[in-house]
Amino acid sequence: MKRAVISAVLGLALITAGCGPSRQNVVVVGSKNFPEQLILGELIAQQIEAKTHLKVERRFYLAGTYICQQAMLAGRIDVYPEYTGTALTAILKEPPLKDPVTVYQKVKQQYEQKFQFAVLPSFGFNDTFAIEIRGADARRLGLRTITEAAKYAPQWRAGFGYEFMERPDGYKGLVATYGLKFAKPPAIMDLGLLDRALASKQVDLAAGNSTDGLIPVLDLAVLHDDKHYFPPYYAVPIVREKALAQHPELRAALMELAGKISDQDMRALNYAVDGEHRSVADVVREFRNKNKLN
Amino acid sequence: MSLWQFLTQNRMEVWQLTLEHLWMVGVSMVIAVAIGVPVGIWLTRRAVLEKPVLGAANVIQTIPSLALFGFLLPAPWIGARAERIAILALVLYALLPVIRNTYVGITGVDRAVVEAGRGMGMTGRQLLLQVELPLALSVIIAGIRVATVISVGLATIAAAIGAGGLGEFIFRGLAMVNNAVILAGAVPAAILALLADFGLGLLEKRLRPA
Amino acid sequence: MTADTQPEKAVEFRDVSYRLDHGATLLHDLNLSVQRGELLVLLGRSGSGKTTTLKLINRLLEPSSGQVLIEGRSSTEWDPIQLRRRIGYAIQEVGLFPHFTVERNIGLVPALEGWSRQRAQERVRELLHLVGLDEQLASRRPRELSGGQRQRVGVARALAADPPILLMDEPFGALDALTRAELQREFLGLQQRLHKTTVFVTHDLREALLLGSRIALLEGGRLIATYTPHEFLHADEPLAAAYVAAFRTEKAGL
């Protein structure tokens, strides 16, 4: 009797140990946890649902680049939207490059080689870092570029997000390239709060994203990166080769999305979700209809 | 949306994450027992080692779990995959209860029984396998029970480093500020912990020598 | 080993001393022998060294100096496992395995020695009769037995593989007076039938006088002298006389 119980328990433990994740006709779409990512993820998901017979499982709100990469490696997600610049520096740990095409090619080649991930053509927009100041300040001081603004840095408080502070293509490089000297160390906060902090004068300069929906709405000015410090961050769908092999129809469906979203489009989409608080699914459906993606 | 609605509408994902959770806990417990029980037995044979080994296991337990996950990120091979980090961390946390209970269980066997066995000509191995382990089994299972329940809870934090499992719902729910999603992770995890506690508790009772 | 070639002295202590790691000496220069077939009682109070002496025989302890010879060979030369399987061992707490049935408990050494199931079962039945227990008890667990029954099982277990030597450490000490007397009588009968070479530890003079063919009196880790029961009752030696006096007072007091 005792022996039977012990073998049953051991058996159960071993079975659960053997159960790695595995699904049949389901494609899992992942995304990070800010609105732009949710929108892109939803776009991918709806596209697959509309153009193939595959079921889609959404695994959004993953907390960052590392987590998405882990999920892809483990096969827990099959596709997610990444940025070429982020892939280059944060995942491949290469030094940043300026030319968008070179970056794309390099990422595509290495992702294929190292991880067996396919990097499909970009959605069309470049969500790079935007150094923002209040529109009023820009007009008053006649500031257009980061170099021009650098003069005022000692009088300003800066605000940045966590990832920006840590990334090799982030804070350190920016300060070095433009010789920025802020009076106090920068305030570090959640990406979503930066724009409002800037508008309400808690900070005077922030690194936001160029596709931020609130830029036009809060009257923020984006300073031109005249020294071309920030690498390109074109959004691309990254798919596991295994998933493509299992479901060849995926490739065609995702290719249709190439080049469909301009910088302006992305800002508008972001604003609809972030500013107007509309549901991501609705906003994406509306966009697809408008652009005849159905 | 209520919790129930969420659970029924996302059945597949709930099941998927639960399996991932069970997998993490299952693998780490198998490893922890495979290491912990022999080490516990070893401690009963070498009294000198008791303090340092139990002391070390104790220290590991006091490291905050999230910190331990973080430490292991840059480690070669282990740090390359979140599941490996998670399982290593879970194994480390499970070691103390397993080792300690194995040690206590075996040293707690009636001295007269062990003396009689040895006096009649049982080898060390025969004593261990036929007398000490069977009589200590209930206490050992109690240690495994505690370790399993701890693991189920800790595995929810593993989602923070991308290892999946029910914790992913919790973190997602926090980011979305959506209680139903948070509970969709927390409630199944709690149920798993309770089931493990109950099931192993039953086993423990059945194996208790009168 | 046939009966002819068995040595006269089943056990012999030659200048044996036993010291603990941190210095205390429990036995001083012990010289003692146990004849084949006799029941030698080791009599003394707590701390006299009687249990230590016993454990030196089945090598649960090893002498710090001197030699303990069992069947002519030093205890340290014997393979300890083989030695112990040839010596029956019964202790006061009995130490029955709580997770084994009575049958499995008694059949422990036979099982270790690889006896066939049938042979072991027969032997168990034989022994249950020998120690006055109902065959039905074979399938019970120790917790279901009374103290007296458990001790009988302990004796049966010690005798199971028919060892040439039997060691007993105050086996009846934990029982109530009635049961103790009963078991002593029965054991005496058993001994008269089997003539097993036995070394029996006790602090109870009455038990010593009843069971022993010889009594070795120990005090403070030294052997004072050995006596037959009759010699003991009339001994001049002060300690022995003191024991006898205490014995008589007890009897008188009843």
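In this predicted model, the buried residues of helix α14 of chain A pack against three helices of that chain, namely α2 (35-51), α11 and α15 (280-290). The buried positions of α14(A) are Met266(A), Arg267(A), Leu269(A), Asn270(A), Tyr271(A), Ala272(A), Val273(A) and Asp274(A). The helix covers residues 263-275. Its length was compared with the rise of 1.5 Å a residue: 13 residues should span 18 Å, and because the end C-alpha atoms of α14(A) are 17 Å apart, the two values agree. Just after the helix, His277(A) adopts a positive phi of about 60 degrees.

A second helix of chain A, α10(A), comprises residues 191-199. Leu191(A), Leu194(A), Asp195(A) and Leu198(A) are its buried residues. Viewed down the axis of α10(A), these residues fall within an arc of 90 degrees, so they line one face of the helix. The cover over the buried residues of α10(A) includes the strands β5 (129-134), β6 (158-160), β8 (205-209) and β9 (220-223), together with helix α11 (214-217), in chain A. Helix α11 also appears among the elements against which the buried residues of α14(A) pack. After α10(A) comes Lys201(A), which has a positive phi near 65 degrees.

Helix α4 of chain A, residues 84-91, contains Ala90(A). Ala90(A) has 21 C-beta neighbours inside 10 Å and therefore counts as buried, the cut-off being 20 or more. When neighbours within four places in sequence are set aside, Ala90(A) is in contact with Thr65(A) and Arg167(A). Phe60(A) lies 30 residues from Ala90(A) along the chain, and the C-alpha atoms of these two residues are separated by 20 Å.

Chain A as a whole has 294 residues, of which 43% are buried. Its secondary structure consists of 15 helices and 10 strands. The C-alpha trace of chain A spans about 80 × 50 × 35 Å along its principal axes. Of the contacts in chain A with a separation of 6 or more, 78% are between residues 24 or more positions apart.

Chain B contains nine helices and zero strands. Its pattern along the sequence is accordingly written α-α-α-α-α-α-α-α-α. In chain B, 48% of the 210 residues are buried, and the C-alpha trace extends over about 70 × 40 × 20 Å along the principal axes. For contacts in chain B between residues at least 6 apart in sequence, 73% join residues at least 24 apart.

In chain C, 10 helices and 10 strands are present. The chain has 254 residues, and 40% of them count as buried. A compact globule of 254 residues would have a radius of gyration near 18 Å; because chain C has 18 Å, it agrees with that expectation. The box filled by the C-alpha atoms of chain C is roughly 55 × 50 × 40 Å along the principal axes. Contacts joining residues at least 24 apart make up 67% of those in chain C between residues at least 6 apart in sequence.

Contacts between chains were examined next. Two pairs of chains touch, and the most contacts are between chains A and B. Chains A and C are joined by no contact, and their closest C-alpha atoms lie 11 Å apart. Where chains B and C touch, 16 residues of chain B and 17 residues of chain C take part. On the side of chain B that touches chain C, α6 (111-119) and α7 (124-157) are the elements that give two or more residues. Helix α6(B) gives the most to this side, with six residues. By class, the chain B side comprises 10 nonpolar, four polar and two charged residues.

With regard to confidence, the model scores ipTM 0.89 and pTM 0.80. In chain C, the mean pLDDT is 92, and 96% of the residues reach 70 or more.

Definitions and conventions. Residues are numbered from 1 along each chain as its sequence is written. Chains are lettered from A and ligands numbered from 1 in the order in which they are written. This is a predicted model: local features need pLDDT of at least 70, side-chain atom pairs count only at pLDDT 80 or more; totals for chains, interfaces and linings use all residues. Helices (H or I, at least four residues) and strands (E, at least two) are DSSP runs, numbered from the N terminus. The radius of gyration is taken over C-alpha atoms; the globule rule is 2.2 Å times the number of residues to the power 0.38. A residue is buried if 20 or more other C-beta atoms lie within 10 Å of its own, exposed if 12 or fewer, and partly exposed in between; C-beta atoms are placed from the backbone. Two residues are in contact if their C-beta atoms, placed from the backbone, lie within 7 Å. The arc is that of the directions from the helix axis to the C-beta atoms. Ala, Val, Leu, Ile, Met, Phe, Trp, Tyr, Cys and Pro count as nonpolar, Asp, Glu, Lys and Arg as charged, and the others, Gly among them, as polar. The expected span of a helix is 1.5 Å times one less than its number of residues. pLDDT is the predictor's confidence in each residue, from 0 to 100.
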